[in-house]
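Got the structure open in your viewer? Keep the selection box handy and follow along, stop by stop.

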Amino acid sequence: MKFSEMPYARPDMDSLFKQLDNLTAQLQDAPDAQAQLEIFDAKDKLMSRFNTLSSICSIRNTVDTRDKFYEEEQEYLDGQYPLVSEKVQAFNKVLVTSPFRRELEEKLGALLFTNIELELKSFSPEIVPLLQEENRLSTEYQKLYASARIEFMGKTVTIAQLGPYKQDPDRTVRKAAIEAEGGFFDQHRQELDELYDKLVKNRTEQAKKLGFENYVPLGFIRMGRNCYTPEDLSSFRSQVVRDLVPLTVKVKARQAKRLGIDDFKFYDNTFMFKGGSAKPQGTPEEIMAAGRRMYHELSEETGEFIDLMLENELFDVLAKEGKAPGGYCTSLPDYKYPFIFSNFNGTSGDVDVLTHEAGHAFANFIADRTIPVPDNRWPSMEGCETHSMSMEFLTAPWHHLFFGEQTQKYELSHAEDALSFIPYGCLVDHFQYEVYSHPEMTPQERNETWARLDKMYRPYLDFEGLPFYGRGAGWQRQMHIYQSPFYYIDYCLAQVMSLQFFALSLKDRDEAWKKYMDFVRLGGTKTFIGLAHSVNMRSPIDEGCVKDVCTATFEWTEQHLVE
Ligand SMILES: [Zn+2]
């Protein structure tokens, strides 16, 4: 069915809540495992219907934000979600205490129970007022960020609109753009410091109320981390500092040389080539057609997938009046369809939609068709990002269809970006680890901590004389630090996995694709580490993994340098 033909009507919430209550009561009274499994199934069907309608509504709301009908529907549903979670949690509570748990685990998998138990540990009705306050503070940050109107070169621009100037071939323009951006954050210094201070105190209080020492273990649970500890991540970060940072220092020295700059500064950091970054060639229609050809040639499964997407209007990628900004991949569970939303803007980001976002969508497509229990379809965040980031590398033989003569430039910057991203992501994680371990830190101490850690992870950066960045406050423009605590290292772990697939594909393309398919087919039936080990790959946390895959990638870049 085409997306435009999918019917939508507001879900009957009273009836949904009543049915969920009934199922919870039935689960409690069920005489055996078989009966409980049937009830579990009925709950999944009910939720699948609700989730499908929610997705249709939210997609249509973002595709045209001017459409009043879907705007009101979205507002209505936003108010219902917490109530739905409460009902599902009540159901789950009964499920994990089932006297037939062993038999249930045989059918549903033990991981599903582990995950529910983690989720239950992270919540108690007692912290609801704190959660509401946390939401409010997080929204306030978002509003402040979005409210930025910066005077720049005779124009008034938003932070996002400053982006292209930060990539300008003229160094003085890049510097001025960074200064203008920093100026905005400096002007709002007190608000930004206070907001974060309140968030840290709030989250710490939640943790204490739930019986944790501080927010570190609670933040871990909230991210669904079920197979490694904070100590494991600390060891991962140390490996990055020891084995990868020396390589990124070389990458950046090479970049400076390429640009003809002998005093490399922060405002040169994302400017990769004298002639600018690689851009896709051709119209959006040609890019989509290239994507179709690429997935047909890659494998039978990806061919089926891309046809389904294109024939059922499951891509909405052209920038249009009224469309919400950004991009995402979501799913329509009743139809077993993924959906991709984006705003093409003529940069290499357009190709990412067909590699990265399509990687998520492809994993969704496979899981919907092979894994019966919805809770087992998606792995945790690092697993999902492994699907997408690896697809970016495994589609390399077809990138020339998008970039033409600029393909080599694209491949080089793609690999270089991956290498230098990992230490940055670790910096974001390490900083938060310090902050939540020492919630009493003052704003000044937080900035000092960031600056100290930054030197460890990005020793090549020079912030001298810059507003905002120069005083160690650069972390305040990383939204995740305010809005999604501890959500970032996932990208680093996934990036290492993707480089592992990349390194393997350089040796044996077929073997790399086969392993990737095995990884994807497992969906969320295993933990992240379990997934890696199940397909005979190393987990990024395994000692030596960072070193080997990053060295292989670095060596590849050395052999593929372009100006
Ligand atoms: Zn992603």
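Start with the loop between strand 4 (328-332) and strand 5 (337-341), and select K336 there. This is a predicted model, so treat the backbone angles as part of the prediction. Show phi for K336: the value is positive, about 60°, although the residue is not a glycine. Then turn on the surface. K336 counts as partly exposed, because its relative accessibility is 38%.

Now jump to F468, in the loop between helix 18 (443-457) and helix 19 (479-483). Here too phi is positive, about 60°, and F468 is not a glycine either. Is F468 buried or exposed? Buried, with a relative accessible area of 1%.

**The zinc site**

Select the zinc ion next and display its protein donors: H356 through NE2, H360 through NE2, and E385 through OE, with E385 listed for two OE donors. The distances to the zinc ion run from 2.1 to 2.4 Å. Trace the donors along the chain and you get the spacing H-x3-H-x24-E. Colour helix 14 (residues 349-370), which holds H360, and helix 15 (residues 381-394), which holds E385; the pair therefore ties together parts that are 25 residues apart in sequence. Put the surface back on for a second: H360 and E385 are both buried.

What does the geometry look like around the four donor atoms of the zinc ion? Irregular, with angles of 53 to 141° among them. If you're wondering why it isn't called tetrahedral, that label needs all angles to lie between 85 and 135 degrees.

**Along helix 11**

Go to helix 11 (230-259) and pick K257. K257 is exposed, with a relative accessible area of 73%. Draw a C-alpha to C-alpha distance from K257 to G275: the two are 14 Å apart in space and 18 residues apart in sequence.

From there, move into the loop between helix 11 and helix 12 (284-298) and select D268. D268 is buried, and its relative accessible area is 0%. Show side chains around D268 and look for R171: the two side chains make a polar contact at 2.8 Å.

Stay with helix 11 for the cavity. How many cavities of 30 Å³ or more does the structure hold? One. The largest cavity has a volume of about 40 Å³. To see its walls, select F220, P230, L233, R237, D429, Y433 and F486. Helix 11 and helix 17 (407-437) each supply at least two residues of this lining, and helix 11 gives the most, with three. Colour the lining of the largest cavity by class and you'll find five nonpolar residues, two charged and no polar ones.

**Last stop: a pocket**

Finish at the second largest pocket, with a volume of about 220 Å³. Select Q500, A503, L504, L506, K507, M537, R538, D548, V549 and A552 to bring up the lining. Helix 20 (489-507) and helix 23 (545-559) each contribute at least two of the lining residues. Which helix gives the most to the lining of this pocket? Helix 20, with five residues. Switch to colouring by class once more: six residues of the pocket lining are nonpolar, three are charged and one is polar.

Key
Residues numbered from 1 in each chain as written. Predicted model: local features only at pLDDT ≥ 70, side-chain atom pairs only at ≥ 80, totals over all residues. Heavy atoms only, no water. Donors = N, O, S within 2.8 Å, 3.2 Å for Na, K, Ca; no water. Tetrahedral: all angles 85-135°; square planar, octahedral: opposite > 155°, others 65-115°. Helix = DSSP H or I, 4+ residues; strand = E, 2+ residues; numbered from the N terminus. Buried < 20%, exposed > 50% of the residue type's maximum accessible area, 1.4 Å probe, protein only. 1 Å grid on protein atoms, 1.4 Å probe; cavity = no way out; pocket = protein on both sides within 12 Å on 5 of 7 lines; lining within 4 Å. Points joined across faces, edges and corners; volume = space filled by probe spheres on them. Nonpolar A, V, L, I, M, F, W, Y, C, P; charged D, E, K, R; others polar. Polar contact = N/O pair within 3.5 Å; in protein donor to acceptor, adjacent residues only side chain to side chain.
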